[in-house]
Amino acid sequence: MILNLSGRKTLQIQTPEGVVFNLTVAGLFTRFLAWIVDGVAIMTASSIIGTCTRFLAIISPDFANALFIILYAVISVGYGIFTEWRWRGQSWGKRLLRLRVIDASGLKLQLSQIIIRNLLRPVDLLPACYLLGGIFSFWNRRGQRLGDLAANTVVVSIPDTLVLNTQSLKEAKYNSFRDYPHLESRLRQRVKPVEAAVALDAILRRDEISLEARIELFRQIAAHFRSLVSFEDKVEEMITDEQFVRNVVASIYRQTNSRQTPVSF
Amino acid sequence: MILDLQQFISSERPRWDEFETLLKQIEEDPDLNLSLEQARRFHYLYDRAASDLLRVSTFASSPEILHYLESLVARAYGEIHETREPRRRFIFWHWFSQQIPQTFRRHLTAFWCSVALTLLGVIFGAGILYVDPTAKETLLPFSHLQGKPSERVAEEEQNKGHQLEGKKAGFAGFLMTHNIRVALFTLALGMTYGIGTVVMLFYNGVILGAVSFDYIQDGQTRFLIGWLLPHGSIEIPSVIIAGQAGFVLAGALIGSRKRMTLLDRLASVRNDLVTLIGGFCLLLVWAGIIEAFFSQYHEPVLPYGVKIGFGLLELVLLCGYLSFSGRKNRPQNTSP
């Protein structure tokens, strides 16, 4: 089972060009919420049809009753098929909760896949409330319910629109590391992307951490960076561990800023 | 080396936005045909985003950009790399006259299994009632089947079909939707390695066998055939076809074709399953109409001979349709 950093299942696909991308598989709870939204949508549509057929019943109660029975069945079975086909793997509930049904190999979703995954739903619902489908999905490495397995589809989470928060950090103070460009260069060479990300995350989330934990966290991160590149003692003595980490992050992420506009996180 | 994210984003973002806009257009309109120029641009933007993804995953560690680019590339990947033959325009007559019977014949073994299980159920149901007539209450939990058959026949013949006056359309709607649900459930239970499908087919057979035995034993054979045959000649084969589809699904799961992976096996039967589903749903709509508007009329309104003749004609037509329709134009490369 492939899990991402947050412990969620991911679907990994490699393109013929050699590019690998990971998609986060939708969680059970989110899917359940989407199912409830879809249930409400079906009920709303049914009650609208019920109202319309009541008017029709003035002319022919039998025909109105037949029409309601048939339309209700068509909507309850066809809703998922129609919406997922029309909106490329999304029903109302999935749209709202930013989920999408995709082909498990990343290819275009076909109508037959949508039909199969929706028509096999009754077996996933057994004995009630998606218990069988839920249990199967929990153990399946791609989070597939039985209908998804037969259709070779996976429900994934769609990431939010790109919002970068490095801009939110103020660029006000002087970064003393800028006086040592050769050490900054060495820092950029030696620090791995994942280490830089940890440091950036620690800065962005500093206010969520208690004072003691924060001091300890930045001490450890700073110690790690110090072990990679050794700045002069007077530079290191003048600043706190947190400021040291901020300077490291600023040096790494803002390498093109000129010395005339020194920055610091 | 670490990527200068800010500069990278500011230089690439206009192309990502353009790519996303184009993708959205394609996603929102499944029938959209891109011009050659647009297709080239789309491919260029895809290559560019894929290359950016590679750079970000190698030289930077920004989860937001990584997820965003992965999502963009994933969405476009399906559009660009899809090599499966696009489904041809749906032509109802071609589908009905060729695809359904051809698909049915491709999976004849599954069909005969389905028939055998139903027959086994029929024999079991009749046998139980023969051995223990008191089992009727347990085997037939329907109030209209609990009484003595001859009394019901007398009542039905006296009613002259008036009992459903003003309710026939609603009754037809109920029968159609109920039978389709049961058939779909029988198919879906194929995912239990066919065990659920076996149970459903056997259970249907048991009820059919018990009812038939009850009426035959009471000397109501003509009524029984006249009552069941007009709609049963279509309805019962439809449920058996649903069972056939369930066994096709179970066969793909169990893996009789050892050299194929599970996913390949399931993919190889998927279109056939959809065709069979369409086939039995259509038949059940017809059966529902006949049961509500025709089967409920008995002598003296409608002679049993006419009803039996009509039922037999339907059965012969159905057998002919499933056996011979679409034979001349059968495609050469059938599914593996």
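Let's start with two charged residues on chain A: Arg117(A) is buried, and Asp148(A) is buried as well. Keep in mind that we are looking at a predicted model. These two residues form a salt bridge with each other, and their closest N and O atoms are 2.7 Å apart. What does this pair tie together? Arg117(A) sits in helix α4, residues 111-119, while Asp148(A) sits in helix α7, residues 146-151, so the bridge ties together parts of chain A that are 31 residues apart in sequence.

The pair also has company. Arg31(A), Glu84(A) and Lys94(A) are linked with Arg117(A) and Asp148(A) in a network of salt bridges.

Now stay with helix α4 for a moment. How many of the nine residues of α4(A) are buried? Eight are, so α4(A) is largely enclosed by the rest of the structure. If you want to click through them, the buried ones are Ser112(A), Gln113(A), Ile114(A), Ile115(A), Ile116(A), Arg117(A), Asn118(A) and Leu119(A). So our arginine is on that list, alongside three isoleucines.

For a contrast, go to Asp207(A). It forms a salt bridge with Arg206(A), with 2.9 Å between the closest N and O atoms. Is Asp207(A) buried or exposed? It is exposed, at a relative accessible area of 64%.

Over to chain B. Here Arg48(B) and Glu12(B) form a salt bridge, and the closest N and O atoms are 2.8 Å apart. Arg48(B) belongs to helix α2, residues 36-59, and Glu12(B) to helix α1, residues 5-28, so this pair ties together parts of chain B that are 36 residues apart in sequence. The two partners are covered to different degrees: Arg48(B) is partly exposed, with a relative accessible area of 28%, whereas Glu12(B) is buried, with a relative accessible area of 4%.

Across all chains, a search of the whole structure finds 23 salt bridges, so I have only shown you a few of them here.

Let me finish with something nonpolar, back on chain A. Leu28(A), Leu131(A), Ile135(A), Phe138(A) and Trp139(A) make a nonpolar surface patch of about 560 Å². Which helix gives the most to the nonpolar patch? That is helix α6 of chain A, residues 131-139, with four residues. One residue to look at is Trp139(A), which is in helix α6 of chain A. Trp139(A) is exposed, with a relative accessible area of 65%.

Notes: Residues numbered from 1 in each chain as written. Chains lettered and ligands numbered in written order. Predicted model: local features only at pLDDT ≥ 70, side-chain atom pairs only at ≥ 80, totals over all residues. Heavy atoms only, no water. Salt bridge = Lys/Arg side-chain N within 4 Å of Asp/Glu carboxyl O. Helix = DSSP H or I, 4+ residues; strand = E, 2+ residues; numbered from the N terminus. Buried < 20%, exposed > 50% of the residue type's maximum accessible area, 1.4 Å probe, protein only. Patch = residues over 30% accessible without salt bridge, like charges linked within 9 Å, V, L, I, M, F, W, Y side chains within 5 Å. Areas by Shrake-Rupley, 256 points an atom, 1.4 Å probe, with all protein chains shown as cover.
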